[in-house]
Amino acid sequence: MTDGDGVSRRRVLQGAGVAAVAGLAGCGGGGDSGSDGIELLHAWSDGDGNAAIGALIDGFQEAHPDVEFAEEPVNGAARSNLDQVVQNRLQSNDPPSTFQTWPGKTLEKFGDAYADIEGDVWDQDMKDNYLEGPQAQAQMDGTYVTVPLNIHRINNLFYNANVLESAGVDPSTLSSPSDVVDACEQVAQNTDAVPFAHQTSGAWSTIQLWETILLAEGGIDGYEAFINGNGNRSEVKAALDSVVELEEYYPSDASSLSFTEANTMVMEGNAAFIHQGDWAAGAYSGDDSFNYGEQWGQVTYPGTSGSYLLNMDSFPFLANNPTPEATKTFLSYCGSAEGQVLFNAEKGSIPPRSDADVSSLNQFQQDQYEDFNNADSQPPSIQHGLAVAPGVKTNITSAFSGFLEESDASATADDLIDAFN
């Protein structure tokens with residue numbers, strides 16, 4: 001699809017740090033006043049995110065041909081300050097139609113800026129086809145205010161199959177966090193590869209690792225107790241102790257590595273394992289010599305079988321919406337199986353709807369989708385703001401900043417328990 005001068009929609013979106021998408025007033029059922037139309041703020045300026053939002057918009061525009069999209073970017077740069085752009089707009093009483101955000105508790109950073117979309121968007125079809133975990137994250141204080149359109153899984157353990165074969169490690173036999181430590185030791189003894197490609201240049205990857213191991217140590221009940229402010233200190237500390245044990249097997253330059261560099265170590269056979277969200281697989285799919293099921297594989301992090309630890313992107317509905325009817329039409333499309341398959345095929349994630357036809361997605365995504373639909377629980381991620389309020393998340397990040405310096409599991413456990421106070 002192209003705009004008036006023949007420039008493709010996807011190319012138009014490329015390069016805009018925070019992109020504004022505008023539709024004609026009155027689209028999708030009418031009732032909107034003014035001429036600005038749908039305005040969507042997001043930070044998918046390049047890569048798979050840019051391709052994914054382009055595919056979603058193309059699909060929506062085909063389904064609703066009366067909607068046009070403008071190419072003007074909104075000043076605001078990257079994801080790091082998208083929230084500030086939105087906050088400034090809300091304070092100026094100039095809200096966008098919708099914007100990219102994580103759902104769940106992270107929605108609280110914008111207070112009561114949202115409006116109820118139960119019935120208009122969250123109809124019975126959506127309720128019937130979203131599993132309990134994603135559906136809960138779409139609500140704020142029991143009110144449906146946002147539409148999750150993808151799921152990234154956090155509790156993955158990726159591996160280089162050739163390195164593990166050389167080390168004599170069978171990943172399918174790993175059943176607990178201690179088994180991962182033992183496997184790392186076997187890699188260290190039998191190969192020249194780094195056992196665990198973890199980077200510590202920021203706290204985020206270590207928080208992800210710890211929350212995954214907490215899910216293994218405490219089970220879903222212990223994990224939920226923690227995110228509700230009633231965590232068991234012994235379980236919290238046990239998970240931290242496991243992280244400390246793994247530190248011995250990190251790259252020697254872990255403190256200066258980027259995620260991309262750590263992930264590349266696995267791709268090139270210089271490392272055995274990496275724990276990451278499923279976005280790590282996006283790099284693998286772009287390498288024709290590094291094939292799923294042959295050169296690389298993935299297991300649910302040992303000890304967390306039956307749980308699908310969630311991170312998601314969503315589009316909320318703001319009160320005082322400048323284009324209420326058009327925005328609801330767009331959000332309904334984001335909540336459809338069609339829209340989600342288009343988006344996730346490019347993003348590398350999976351649809352939150354349980355009835356999507358994922359045959360067009362790659363085999364890794366199809367396997368993840370099967371795990372999701374068969375999961376006993378879909379707990380929300382702590383690191384990505386779904387599980388805990390923004391203030392609590394700040395305290396947890398602070399606790400891990402200290403942990404990365406001292407590796408003091410006992411003191412950090414106290415800080416994490418106190419993060420809710």
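**Figure 1. Phe 196 and Phe 273 pair up across two strands.** In this predicted model, Phe 196 finds its bridge partner in strand E10, and that partner is Phe 273. The two strands involved, E9 and E10 (residues 271-276), run parallel and are joined by 2 bridges. Strands of a sheet pair through backbone hydrogen bonds, either parallel or antiparallel. Take a moment to look around Phe 273, too: leaving aside residues up to four places away in sequence, Phe 273 touches Leu 157, Phe 158, Tyr 159, Leu 164, Val 169, Leu 174, Ala 183, Cys 184, Pro 195, Phe 196, Ala 197 and Val 266.

**Figure 2. The sheet that holds E9 and E10.** Stepping back a little, we find an open sheet of 4 strands, arranged in the order E9-E10-E8-E11 with mixed pairing. Strand E9 (194-196) and strand E11 (296-300) are at the edges; each has a single partner strand, so one side of each has no neighbour in the sheet. On average, neighbouring strands here are turned by 25° against each other, direction ignored.

**Figure 3. Two helices lie across the strands.** Helix H8 lies across E9 and E10, and runs at about 85° to E10. Helix H10 (residues 259-267) lies across strand E8 (156-160) as well as E9 and E10. The angle between H10 and E10 is about 135°.

**Figure 4. Two separate nonpolar cores.** Which residues have the most contacts inside the largest nonpolar core? They are Phe 196, Trp 210, Leu 246, Phe 273, Tyr 284 and Ile 396, in a core of 69 residues. Helix H8 (residues 204-227) supplies the largest share of this core, with 9 residues. A second core, separate from this one, has 27 residues, among them Leu 40, Ala 52, Ile 53 and Phe 317.

**Figure 5. Helix H13 and its surroundings.** Helix H13 (residues 337-347) has these buried residues: Gly 339, Gln 340, Val 341, Phe 343, Asn 344 and Lys 347. What covers them? The cover includes helix H2 (47-63), strand E6 (146-148), strand E7 (152-153), helix H12 (324-334) and helix H14 (363-374). Just after H13 comes Gly 348, with a positive phi near 85°.

**Figure 6. A salt bridge between H9 and H16.** The side chains of Arg 233 and Asp 414 form a salt bridge, with 2.6 Å from N to O. Arg 233 belongs to helix H9 (residues 233-247) and Asp 414 to helix H16 (residues 409-418), so this pair ties together parts that are 181 residues apart in sequence. Both ends are partly exposed: Arg 233 has a relative accessible area of 33%, and Asp 414 has a relative accessibility of 34%.

**Figure 7. Salt bridges with a buried arginine.** Arg 353 and Asp 355 meet through their side chains in a salt bridge of 2.8 Å, N to O. Arg 353 is buried, at 3% relative accessible area, whereas Asp 355 is partly exposed, at 36%. Turning to a second pair, Arg 89 forms a salt bridge with Asp 94, and their closest N and O atoms are 3.0 Å apart. Is each partner here buried or partly exposed? Arg 89 is buried, with a relative accessible area of 14%, while Asp 94 is partly exposed, with 38%. Through shared partners, salt bridges join Glu 39, Arg 89 and Asp 94 into one network. The count of salt bridges comes to 11.

**Figure 8. Positive phi values in two loops.** Where does Asn 93 sit? Its place is in the loop between helix H3 (82-91) and strand E3 (98-99). Phi of Asn 93 is positive, near 55°, in a residue other than glycine. Asn 93 is exposed, with a relative accessible area of 57%. Ser 407 also has a positive phi near 55° and is a residue other than glycine. Ser 407 is found in the loop between helix H15 (390-406) and H16, and is partly exposed, with a relative accessible area of 26%.

**Figure 9. The chain as a whole.** To place these close-ups, it helps to know that the protein chain contains 16 helices and 13 strands. Of its 421 residues, 56% are buried. Among contacts between residues at least 6 apart in sequence, 75% join residues at least 24 apart. The accessible surface comes to about 16200 Å², and 41% of that belongs to carbon and sulfur atoms.

Technical notes:
Residues numbered from 1 in each chain as written. Predicted model: local features only at pLDDT ≥ 70, side-chain atom pairs only at ≥ 80, totals over all residues. Heavy atoms only, no water. Core = buried A, V, L, I, M, F, W, Y, C linked by side-chain atoms within 4.5 Å. Buried < 20%, exposed > 50% of the residue type's maximum accessible area, 1.4 Å probe, protein only. Contact = heavy atoms within 4.5 Å. Pairing = 2+ DSSP bridges. Axes fitted to C-alpha atoms, helices over the stretch in contact; angles between N-to-C directions. Areas by Shrake-Rupley, 256 points an atom, 1.4 Å probe, with all protein chains shown as cover. Salt bridge = Lys/Arg side-chain N within 4 Å of Asp/Glu carboxyl O.
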